[in-house]
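Let's take a walk through this structure together. We'll begin with the protein chains and then turn to the DNA.

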There are 2 protein chains.
Amino acid sequence: MRNQLLNKDIMNDFLTEMEYVGLTSRLKRLSDSLLYSTKELYKSEGLDIEPNWNLIFILLQENEAMTITEISETLQFSHPAVVKIINKMKKNGHVETRTDTEDKRKQILTLTEKAHKQLPLFEKYWTAGRQTVMDLLEDSPNFLEEFLKIEEKVNQSDYKERTLKNLNNDELSN
Amino acid sequence: MRNQLLNKDIMNDFLTEMEYVGLTSRLKRLSDSLLYSTKELYKSEGLDIEPNWNLIFILLQENEAMTITEISETLQFSHPAVVKIINKMKKNGHVETRTDTEDKRKQILTLTEKAHKQLPLFEKYWTAGRQTVMDLLEDSPNFLEEFLKIEEKVNQSDYKERTLKNLNNDELSN
DNA sequence: TACATTTGCGTAACCAGTTACTTAATAAAG
DNA sequence: CTTTATTAAGTAACTGGTTACGCAAATGTA
């Protein structure tokens, strides 16, 4: 019962404080929640794909062949992240690689026959998923636009830079 | 140069597609970016604290003593996550634990003397950080409110449930 | 009062990302 | 040409979170 009181008491104060302080962890919690839920969806439906693969499927479908670096730049993932995803997709037989004949450092990635065959099925799930995101955003008409603005700001000057600046300003005004 | 063209060509189409498809990974990217940047900030300033500790400092400051479970419920973290954070904070000498005499399963957490001494310093950084979040949100006046709505929706019915429902609707209408 | 259920917390294994480092191939510069 | 710098991709170690599982203490019930 101590527990109950405590939580109720705190939650209001706390969440207000939290709005700013805990934005990061709330962003993470939401993205994690979507991620795990997507994994579960695919698993329960017996699809042997994983959450972010759709991005790569779409890219390779549109471009036929891309390298690790091209994908990592387009998705703005680190290249080791792409290597990991691609290795899984190769193991599942959805992607194959060959070394570029002109530049032997490059790995050319393409979708396999198996991938192409399964794409229509996958598309159904991705379409339904896109619909889900639209549903979630329904009452939040400015969300994407405003999210983009935040992304841009962070790209221009990151949290550390901004905070150090604020810190200095505060100290000067004391 | 192929790289350049390719990226430019794609980016527009792609990001539109991406708005919905890639929302999850974009959320993760932003939260990761804030996280890493915060870590770097503390590191470069020689503070021996880590990103989410402020949440726990604030809680323990307001409540004096809490258990693992109470914290995990308040922060909506899994309890193993809290255990991990607390272990680090104990190692750093900011938190100490004692077993509850009435219920020996419970670990009572409190801030140490060291923690209390350092709090004013930490507060400066947290205040500056809160200011940074406010700056980032400056041009996005609806963001927090709309974010909250999305969180609530996901809590009511998660991505998987919603997507399966959408999938069935689509199939019925075919 | 004994037995079954629930609760608190700890550990292990996993996950999707990161940075830092290495190797090999290519490009640039002396 | 040879040497130096840059680039592409792979590997390792780490991060902050998760779920799954186990154990011991407390609570509920026959």
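What follows looks at how the two chains meet, and then at each DNA strand in turn.

A word on the ground rules: this is a predicted model, in which local features need pLDDT of at least 70 and side-chain atom pairs count only at pLDDT 80 or more, while totals for chains, interfaces and linings use all residues. Residues are numbered from 1 along each chain as its sequence is written, chains are lettered from A and ligands numbered from 1 in the order in which they are written, and side-chain values use heavy atoms, leaving out hydrogens and water.

Start with the pair of chains. Two copies of a chain are related by a rotation about an axis and a shift along it. Here, turning chain B by 180 degrees with 0.0 Å of shift along the axis lays it on chain A with an RMSD of 0.1 Å (a least-squares fit on the C-alpha atoms of residues with pLDDT of at least 70 in both copies). The two copies are thus related as by a two-fold rotation axis.

How many residues of chain B are in contact with chain A? There are 82, and they touch 82 residues of chain A (contact means heavy atoms within 4.5 Å). Of the interface residues of chain B, 100% are also interface residues in chain A, so the copies meet through the same surface. The area buried between the chains is about 8,800 Å², with carbon and sulfur atoms giving 64% of it (buried area is the accessible area, taken with a 1.4 Å probe, that two parts lose on being put together, summed over both). Y20(B), L136(B) and Y159(B) supply 8% of what chain B buries against chain A, more than any other three residues.

There's charge pairing here too: seven salt bridges cross the interface of chain B and chain A (a side-chain nitrogen of Lys or Arg within 4 Å of a carboxyl oxygen of Asp or Glu). E151(A) and R26(B) meet in a salt bridge, at 2.9 Å from N to O. On the side of chain B that touches chain A, α2(B) gives the most, with 17 residues (helices are DSSP runs of H or I, at least four residues, and strands are runs of E, at least two, numbered from the N terminus).

Now for DNA strand D. It is surrounded by 27 residues, with T69(A), N52(B), S78(B), K84(B) and K88(B) the closest (near means that a heavy atom of the residue lies within 4 Å). Sugar and phosphate make up 67% of the strand D atoms that come within 4 Å of the protein. In chain B, a side-chain N or O atom of N52(B) is 2.2 Å from a phosphate oxygen of the strand. In chain A, a polar side-chain atom of H79(A) is 2.7 Å from a base nitrogen of strand D. Which helix gives the most to this surface? That's α5(B), with five residues.

DNA strand C also has 27 residues around it, and N52(A), S78(A), K84(A), T69(B) and Q107(B) come nearest. Sugar and phosphate account for 64% of the strand C atoms within 4 Å of the protein. A side-chain N or O atom of K84(A) is 2.6 Å from a base oxygen of strand C. From chain B, T69(B) has a polar side-chain atom 2.4 Å from a phosphate oxygen of the strand, and H79(B) has one 2.8 Å from a base nitrogen. For this surface, α5(A) gives the most, with five residues.

How values were computed. A polar contact is a pair of N or O atoms within 3.5 Å; within protein, one must be able to donate a hydrogen and the other to accept it, and residues adjacent in sequence count only if both atoms are side-chain atoms.
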